Amino acid sequence: MTPWLTVVGIGEDGFGGLGKNARRALMNASRIVGGQRQLDLLPVCIRAEQQLWPTPFSLAPVLEQRGKAVCVLASGDPMFYGVGASLARLVSGDEMLILPAPSSCSLAAARLAWPLQDVVTLSLVARPLAALNAQLFSGVRLLLLSNDGKSPAAVAQLLRERGFGPSRMSVLEHLGSSAERRVDGTANDWNNPVVADLNVIAIECLTDANTPRLSRLAGLPDSAFRHDGQLTKREVRAITLARLAPTPGELLWDVGAGSGSIGIEWMRAHPSCRTLAIEADEGRQQLIEHNRDALGVPGLQLIRGKAPQALAGLERPDAIFIGGGVTREGVFETCWEHLKPGGRLVANAVTLQSEVTLMQWREQYGGELTRIHVAQAQPLGEFDTWRQALPITLLDLVKPLDA
């Protein structure tokens, strides 16, 4: 099939910076769709009908022209947080030709002499700034696509609040044009200079002496979460997540989520992991909202309600954790019914009644029961002794592929 759609990446150097194939596609197009800034870069010799993206944004102006010679103009590399990625979900590869220009992150890495493969990239365009919290580790280099000219000041403030004030920042604007400019500083002394809306923020993360270490591995300190006591404790949380075994792109139901710790750490395991946190208590819902932002997973979706009723109509999960409501009628059965074949279900019990329930489930559905005992050394007069936490019983089972 001959591609009817060509997606052309254009930089700030405009039409003159395009290759031969991109120029030819624009000259031969019957319609060119793009943003005002991209369309303004075209010379008067381009005779195709020009069309702006609608507000709110929609791909309809392109899809309605299927079969005609259509060009889409995009900034830099269309497949890097760009419209090309959106089109690729709806248009097959043999219908579309993509001609990228260097992305702004490629240009920024070149200016800074940073090997791009060693840099973490993140887009803040129409995305919560809180997502940056999951990327903050001492020594990490970040390249951020700004939402607008206010983004650098907001990023500097977040870095200071999270104990990363010494981090070195560079803002690079109008990359690839004659107006290109770079502003350097640290988060601590960032004085909010006026910068263009089109900019990239480069950060070399450095921490204050007392900044806590928050690993991506399961088992964050309990102090990393706000909670009212309904928190799966650190050691038990690490074991639970190991049994849940998050892998990229998977969805978790965190049923009776409490402070949200299991679902949050599930999402921190990989950027594409997702969580639906089901919680009925309003106070705990607020704790979940705080914790998800503070720990960098603002995409965690809070389902306000009580299981099993609140589970109706939700997307089928790859894994389920039942941390609350183990003894509530219908919770396990509803979860098991909706769990995908091959999915994992883990349930924790602390009371005798909930432990009996886990034993009954094991008799009917199989799985593995584990008893977890954790003790910590604590003062006893002039000496120390072991203080035993309440034992936890954990049920871990996998749904058969033919179920």
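This dialogue walks through several features of a predicted model, from an annotated region to its sheets, a helix pair and some backbone details.

Q: Where does UniProt place the feature "domain: Tetrapyrrole methylase", and how much helix and strand does that stretch hold?
A: An annotation of this kind comes from a record, and here the UniProt entry, which is unreviewed, puts "domain: Tetrapyrrole methylase" at residues 5–187. In the model, residues 5–187 are 23% helix and 25% strand, and the C-alpha atoms at the two ends are 43 Å apart.

Q: How should I read a strand order, and what is the order in the open sheet of 5 strands?
A: A strand order lists neighbours across the sheet, and in this case it runs 6-7-10-8-9, with mixed pairing. Strand 6 (120–123) and strand 9 (181–186) are at the edges with a single partner strand each, so one side of each has no neighbour in the sheet. On average, and with direction ignored, neighbouring strands of this sheet are turned by 20 degrees against each other.

Q: In which sense do strand 8 and strand 10 pair, and over how many bridges?
A: Strand 8 (residues 168–173) and strand 10 (residues 199–204) are paired in the antiparallel sense, over 6 bridges. To find the register in the structure, you can start from Val-171, which stands opposite Ile-201 of strand 10.

Q: Which strands do helix 5 and helix 6 touch where they pack on the sheet?
A: Helix 5 (residues 104–112) packs on the sheet and touches strand 6, strand 7 (141–145), strand 8, strand 9 and strand 10, while its direction makes about 140 degrees with that of strand 7. Helix 6 (residues 151–161) also packs on the sheet, where it touches strand 7, strand 8 and strand 10, and its direction makes about 20 degrees with that of strand 10.

Q: What is the order of the open sheet of 7 strands, and which strands stand at its edges?
A: The order is 13-12-11-14-15-19-16, and the pairing is again mixed. The edges are taken by strand 13 and strand 16 (368–372), each of which has a single partner strand, so one side of each is left without a neighbour in the sheet. Neighbouring strands here are turned by 15 degrees against each other on average, direction ignored. Strand 16 pairs with strand 19 (residues 392–398) in the antiparallel sense over 5 bridges, and Glu-368 has Asp-396 in strand 19 as its bridge partner.

Q: How do I describe a helix pair, and at what angle do helix 7 and helix 8 cross?
A: One can begin with the axes, and those of helix 7 (residues 234–244) and helix 8 (residues 261–268) come within 10 Å and cross at roughly 55 degrees. The two helices are therefore oblique to each other, and their crossing is right-handed. Helix 7 contributes Arg-237, Thr-240, Leu-241 and Leu-244 to the contact, and helix 8 contributes Ser-261, Ile-262, Glu-265 and Trp-266. Sorted by class, this contact has 4 nonpolar, 2 polar and 2 charged residues.

Q: Which peptide bonds are cis, and where does a residue other than glycine have a positive phi?
A: Most peptide bonds are trans, and most residues other than glycine have a negative phi. The bond from Thr-55 to Pro-56 is cis, with omega near 0 degrees, and Pro-56 is placed in the loop between strand 3 (49–52) and helix 3 (60–63). The bond from Ala-307 to Pro-308 is cis as well, with omega near 10 degrees, and Pro-308 belongs to the loop between strand 13 (301–304) and strand 14 (319–322). Ala-113, although not a glycine, has a positive phi of about 60 degrees, and Ala-113 sits in the loop between helix 5 and strand 6.

Methods
Residues are numbered from 1 along each chain as its sequence is written. This is a predicted model: local features need pLDDT of at least 70, side-chain atom pairs count only at pLDDT 80 or more; totals for chains, interfaces and linings use all residues. Side-chain values use heavy atoms; hydrogens and water are left out. Axes are lines fitted to C-alpha atoms, for helices over the stretch in contact, and angles run from 0 to 180 degrees between N-to-C directions. Helices (H or I, at least four residues) and strands (E, at least two) are DSSP runs, numbered from the N terminus. Angles under 35 degrees count as roughly parallel, over 145 as roughly antiparallel, 65 to 115 as roughly perpendicular and the rest as oblique. A crossing is left-handed if the near helix is turned anticlockwise from the far one by less than a right angle, and right-handed if clockwise. Contact means heavy atoms within 4.5 Å. Ala, Val, Leu, Ile, Met, Phe, Trp, Tyr, Cys and Pro count as nonpolar, Asp, Glu, Lys and Arg as charged, and the others, Gly among them, as polar. UniProt positions are given in the numbering used here, feature names are shortened, and annotations may be inferred rather than shown by experiment. Two strands pair if DSSP finds at least two bridges between them.
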